[in-house]
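Here's a quick walk through one chain, from its overall make-up down to a few local spots. Have a look at the model first, then read on.

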Amino acid sequence: MRIFKTAILLGSASAMLAACGGGGLLNRDRPDEFAVQRQAPLVVPPDFSLTPPEPGAPRPAEGTASQQALEALFGGPAPRSEIESTALNRAGSAAPSIRSQAGDEKTNTVAKGRVTRDIIAAPEGDGQNAQTLIPG
């Protein structure tokens with residue numbers, strides 16, 4: 001057993017030392033990609049009438065991040081069909097305070113009938129004692 005442990009130890013130590021070597025497939029002597037072509041010098045653009053951008057302002061050609069996300073997800077605004085345009089024109093525009101007025105006591109509601117009221121007012125249960133009644 002001691003010979004087996006020694007062999008494992010020597011094998012792992014030699015593998016770790018072999019990883020430090022520079023020969024074979026992992027040779028670091030490869031050409032420098034920047035030495036292949038000469039770098040062009042930096043030049044000032046010829047249009048000097050440009051104003052520098054303000055910090056934090058979106059780029060004028062790109063728009064905001066939310067606009068870019070909507071464009072990527074939905075492909076931009078799609079033309080509406082004639083039926084959809086007619087329905088939207090007939091519906092009109094909603095009042096700005098419509099959400100505040102929806103729960104008001106003065107809001108007119110449509111009576112859905114006695115059956116709907118009974119369903120909503122029914123007590124909660126687990127369904128074990130449910131019964132079916134057939135009106136006669």
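How much accessible surface does the protein chain have, and what share of that belongs to carbon and sulfur atoms? The accessible surface adds up to about 14400 Å², with 60% of it on carbon and sulfur atoms. Keep in mind that this is a predicted model.

As for the fold, you're looking at six helices and zero strands, so to speak a plain α-α-α-α-α-α when read along the sequence. Burial is quickly told: of the 136 residues in the protein chain, 0% are buried.

Now for confidence. The protein chain has an average pLDDT of 77, and 79% of the residues reach at least 70. Here are the two ends of the range among the elements:

| Element | Residues | Mean pLDDT |
|---|---|---|
| Helix H2, lowest | 33–36 | 68 |
| Helix H4, highest | 82–91 | 91 |

A word of caution fits here: where pLDDT is low, the predicted coordinates shouldn't be read in detail.

Back to H4, the helix with the highest confidence. H4 is hardly covered, with zero buried residues among its ten. Right after H4 comes Gly92, which has a positive phi near 75 degrees.

Over at the start of the chain, Met1 sits in the segment before helix H1 (2–19). Is Met1 buried or exposed? Met1 counts as exposed because its relative accessibility is 74%, and the cut-off for exposed is over 50%. Together with Phe4 and Ile8, Met1 makes a nonpolar surface patch of about 400 Å².

How values were computed:
Residues are numbered from 1 along each chain as its sequence is written. This is a predicted model: local features need pLDDT of at least 70, side-chain atom pairs count only at pLDDT 80 or more; totals for chains, interfaces and linings use all residues. Side-chain values use heavy atoms; hydrogens and water are left out. Patches are made of residues with over 30% relative accessible area and no salt bridge: like charges are joined within 9 Å, nonpolar side chains (Val, Leu, Ile, Met, Phe, Trp, Tyr) within 5 Å. Accessible areas come from the Shrake-Rupley method with a 1.4 Å probe; for residues, only the protein chains shown count as cover. A salt bridge is a side-chain nitrogen of Lys or Arg within 4 Å of a carboxyl oxygen of Asp or Glu. Helices (H or I, at least four residues) and strands (E, at least two) are DSSP runs, numbered from the N terminus. Buried means under 20% relative accessible area, exposed over 50%, partly exposed in between (1.4 Å probe, protein chains only). pLDDT is the predictor's confidence in each residue, from 0 to 100.
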